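Visitor: I am new to protein structures. Could you show me how to read one, feature by feature?

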Amino acid sequence: MGEMPALSGMVYCADCGHKLYQVRGRCLPQSEYMVCATYRKKGKSACPSHQIRNSVIEQLLLEDLQRVTAYARNHEDEFLRLVTRNSEKALDRELRDCRKEYEQAKARIAKLDTLIQRIYEDNVEGKISDDRFAKLSSNYETEQAQLQSRVKELQRFLDDAKERSLNADHFLALVRKYTDIRELDAEIIREFVERINVFQAEKVDGHRQQRIQIIYNCIGAVDLPDAE
């Protein structure tokens, strides 16, 4: 319709991780909504729709952005401590998961070396046919190549982890730049927000409720203490 939605490319399904498609109604702007790409392509058996109106996302985003920037502006030192602590916890979890997967992949690669050697010996001794050997060998080698590629990715992540630094100062600079955010536009959204995760709607006490998670540039997801 001749314009790029402000949220285009920034909204993701919290379950499958794929982007949400922009769907436009023919009448009012309030009829514009987003749905999970997996749902659109494969149906609800693959992933629920996660359907949510643009106006709802924008309202929730504006409220949270106002809350986060107000806290950052009024409590700079505490804000820096808070987001640094949250980032370190998230990175620690990532590193634990990464190291676990890394060790499992390395162990499987070593196991595959043993299996390939074993079927080679079985083939030489006539215990398995040449066709069976070729099939098993191909499968093992394909799996091993995939694991070796993944190990390289994990190794890069582990090597780079120590060099990462939280750039909360940049976020605070944005807070000072936009002193009083009354409404959203594409520039403000992309300055502050990395991505938005949308969860499946649920019925609570007969009412439809839907949660989103906002991942901010430089500082990630922010969990602030209750306002005093």
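Visitor: Which backbone oxygen lies 3.0 Å from a polar atom of the side chain of glutamine 210?

Guide: The backbone oxygen of phenylalanine 199 does. Keep in mind that this is a predicted model. The side chain of glutamine 210 also reaches the backbone oxygen of glutamine 51, at 3.4 Å.

Visitor: Where is glutamine 210 found?

Guide: Glutamine 210 sits in the loop between strand 7 (207–209) and strand 8.

Visitor: Is glutamine 210 buried or exposed?

Guide: Buried is the word for a residue under 20% relative accessible area. Glutamine 210 has 18%, so it counts as buried. Setting aside neighbours within four places in sequence, glutamine 210 is in contact with His50, Gln51, Ile52, Val198, Phe199, Gln200 and Ala201.

Visitor: Let us turn to strands. How do they pair?

Guide: Strands of a sheet pair through backbone hydrogen bonds, in a parallel or an antiparallel way. Here, strand 2 (residues 20–23) and strand 3 (residues 33–36) are antiparallel and share four bridges. Within that pairing, tyrosine 21 has valine 35 of strand 3 as its bridge partner.

Visitor: How many bridges join strand 3 to strand 4?

Guide: Two bridges join them, and strand 3 and strand 4 (residues 52–53) run antiparallel. The bridge partner of tyrosine 33 in strand 4 is arginine 53.

Visitor: What is the strand order in the open sheet of three strands?

Guide: The order is 1-5-8, and the pairing is mixed. Strand 1 and strand 8 are the edge strands, each pairing on one side only. On average, neighbouring strands of this sheet are turned by 25° against each other, direction ignored. Strand 1 and strand 5 run parallel and are joined by three bridges. In strand 5, isoleucine 196 is the bridge partner of valine 11.

Visitor: Which helix lies across strand 1, strand 5 and strand 8?

Guide: Helix 2 does, running at about 50° to strand 8.

Visitor: Now the interior. Which residues touch the most other members of the largest nonpolar core?

Guide: A nonpolar core is a set of buried nonpolar residues joined through their side chains. The largest one here has 38 residues, and Phe79, Phe171, Phe192, Val193, Tyr216 and Ile219 touch the most other members. Elements that give two or more residues to this core include helix 2 (54–74), helix 3 (76–124), helix 5 (168–177) and strand 5 (193–198). Helix 2 supplies the largest share, seven residues.

Visitor: What does phenylalanine 192 touch, not counting residues up to four places away in sequence?

Guide: Phenylalanine 192 touches Leu65, Thr69, Phe171, Leu174, Val175, Tyr178, Ile181, Tyr216 and Asn217. Apart from the largest core lies another, of 17 residues, among them Tyr102, Ala105, Ile116 and Leu154.

Visitor: Last, disulfides. How many does a search of the whole structure find?

Guide: A disulfide is a covalent bond between the sulfur atoms of two cysteines. The search of the whole structure finds zero.

Visitor: Why is there no bond between cysteine 16 and the closest cysteine sulfur?

Guide: A disulfide needs the two sulfur atoms within 2.5 Å. The closest cysteine sulfur to that of cysteine 16 belongs to cysteine 36 and is 3.5 Å away, which is too far for a bond.

Visitor: How accessible are cysteine 16 and cysteine 98?

Guide: Cysteine 16 is partly exposed, with a relative accessible area of 29%. Cysteine 98 counts as buried, at 6% relative accessibility.

Note on methods: Residues numbered from 1 in each chain as written. Predicted model: local features only at pLDDT ≥ 70, side-chain atom pairs only at ≥ 80, totals over all residues. Heavy atoms only, no water. Buried < 20%, exposed > 50% of the residue type's maximum accessible area, 1.4 Å probe, protein only. Pairing = 2+ DSSP bridges. Core = buried A, V, L, I, M, F, W, Y, C linked by side-chain atoms within 4.5 Å. Contact = heavy atoms within 4.5 Å. Polar contact = N/O pair within 3.5 Å; in protein donor to acceptor, adjacent residues only side chain to side chain. Axes fitted to C-alpha atoms, helices over the stretch in contact; angles between N-to-C directions.
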